[in-house]
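Hi,

Here's the structure I said I'd pass along. Have a look at it first, and my notes on what turned up are underneath.

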Amino acid sequence: MVGMAIIIMGSERDLEFSREIAKYLKLLGISYEFRVASAHKTPLAVLEILKEFETQKVVYLTVAGRSNALSAFIDGNTVHPVIAVPPYSEKYGGTDIYSSLRVPSGIGSVVTIEPEGAAIATAKILALNDTTLLATVTAYQDSKKRELERANESVKKLK
């Protein structure tokens with residue numbers, strides 16, 4: 001097993017967005033599990049999740065909108081990588097992302113707002129010690145480059 005992604009949502013309302021991340025993880029051959037826990041409302045449950053995966057090779061993906069204490073809370077309580085993937089909110093015009101970006105000292109979580117980017121970052125982290133997964137990531141990125149090359153050729157023909 002190359003490792004796995006643990007997608008922790010702040011609430012069940014984040015499930016649809018989390019499924020988008022899972023779609024790309026699956027495409028890259030990475031297994032994942034979903035969990036729901038809140039740093040604000042159920043911090044002990046968050047700590048139990050971390051304990052459950054303490055000895056495994058995991059990357060945590062946190063999906064929490066509004067005030068995203070979840071990412072920093074998890075990062076401060078684990079040595080495993082944490083990727084904050086806050087869903088965009090029209091209601092707040094994107095300003096709620098600051099709670100994922102402005103975190104206390106000693107916190108090393110990274111932030112991306114795109115499900116695909118979160119999956120690719122997870123794959124790259126897990127591929128550090130897995131040549132098969134590294135080849136999968138390389139092939140995926142090469143396919144994206146070929147898409148652009150085909151689009152360029154198509155557009156060049158337009159007048």
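**Overall layout**

Going along the sequence, the protein chain runs β-α-β-α-β-α-β-α-β-α-α. That comes to six helices and five strands. Before you go further: this is a predicted model, and everything below is computed from it. The C-alpha atoms fill a box of roughly 60 × 40 × 30 Å along the principal axes. The chain has 159 residues, and 41% of them count as buried. If you take contacts between residues at least 6 apart in sequence, 69% of those join residues at least 24 apart.

**Helix H1**

I spent most of my time on this one. H1 covers residues 15–27, and its 13 residues should span 18 Å at 1.5 Å a residue; the end C-alpha atoms are 18 Å apart, so the two agree. Which of its residues are buried? They are Leu15, Phe17, Ser18, Ile21, Ala22, Tyr24 and Leu25. As a general point, an α-helix has 3.6 residues a turn, so residues three or four places apart point the same way. The buried residues of H1 pack against three strands, E1 (4–9), E2 (31–36) and E3 (58–63), and against the helices H5 (115–126) and H6 (131–156). Just after H1, Gly29 has a positive phi of about 80°.

Ala22 is a handy residue to click on within H1. Why does Ala22 count as buried? Its relative accessibility is 3%, and the cut-off for buried is under 20%. Leaving out residues up to four places away in sequence, Ala22 touches Ile7, Tyr32 and Phe34. The C-alpha atoms of Ala22 and Pro115 are 8.1 Å apart, although 93 residues separate the two along the chain.

**Helix H5**

Pro115 is also one of the buried residues of H5, along with Ala118, Ala119, Ile120, Thr122, Ala123 and Leu126. H5 has twelve residues and reaches 17 Å from its first C-alpha to its last, close to the 16 Å expected at 1.5 Å a residue. What do the buried residues of H5 pack against? The partners are E1, H1, E3, strand E4 (82–84) and H6.

**Nonpolar cores**

The largest nonpolar core has 26 residues, and those with the most contacts inside it are Ile21, Leu25, Ile30, Leu61 and Val85. Elements giving two or more residues to this core are E1, H1, E3, H5 and H6. H1 gives the most, with six residues.

If you want a way into that core, try Val85. Setting aside neighbours within four places in sequence, Val85 is in contact with Phe17 and Ile21, with Leu61, Thr62, Val63 and Ala64, and with Thr112, Ile113, Glu114 and Ala118. Apart from the largest core lies another, of 15 residues, among them Ile6, Ala37, Val46 and Leu50.

**The largest pocket**

One for your side of things: the largest pocket has a volume of about 530 Å³. It is lined by 23 residues, and Ser11, Arg13, Asp14, Gly65 and Arg66 lie nearest its centre. How does the lining divide into nonpolar, polar and charged residues? There are nine nonpolar, eight polar and six charged.

Cheers

Conventions:
Residues numbered from 1 in each chain as written. Predicted model: local features only at pLDDT ≥ 70, side-chain atom pairs only at ≥ 80, totals over all residues. Heavy atoms only, no water. Helix = DSSP H or I, 4+ residues; strand = E, 2+ residues; numbered from the N terminus. Expected span 1.5 Å × (residues − 1). Buried < 20%, exposed > 50% of the residue type's maximum accessible area, 1.4 Å probe, protein only. Contact = heavy atoms within 4.5 Å. Core = buried A, V, L, I, M, F, W, Y, C linked by side-chain atoms within 4.5 Å. 1 Å grid on protein atoms, 1.4 Å probe; cavity = no way out; pocket = protein on both sides within 12 Å on 5 of 7 lines; lining within 4 Å. Points joined across faces, edges and corners; volume = space filled by probe spheres on them. Nonpolar A, V, L, I, M, F, W, Y, C, P; charged D, E, K, R; others polar.
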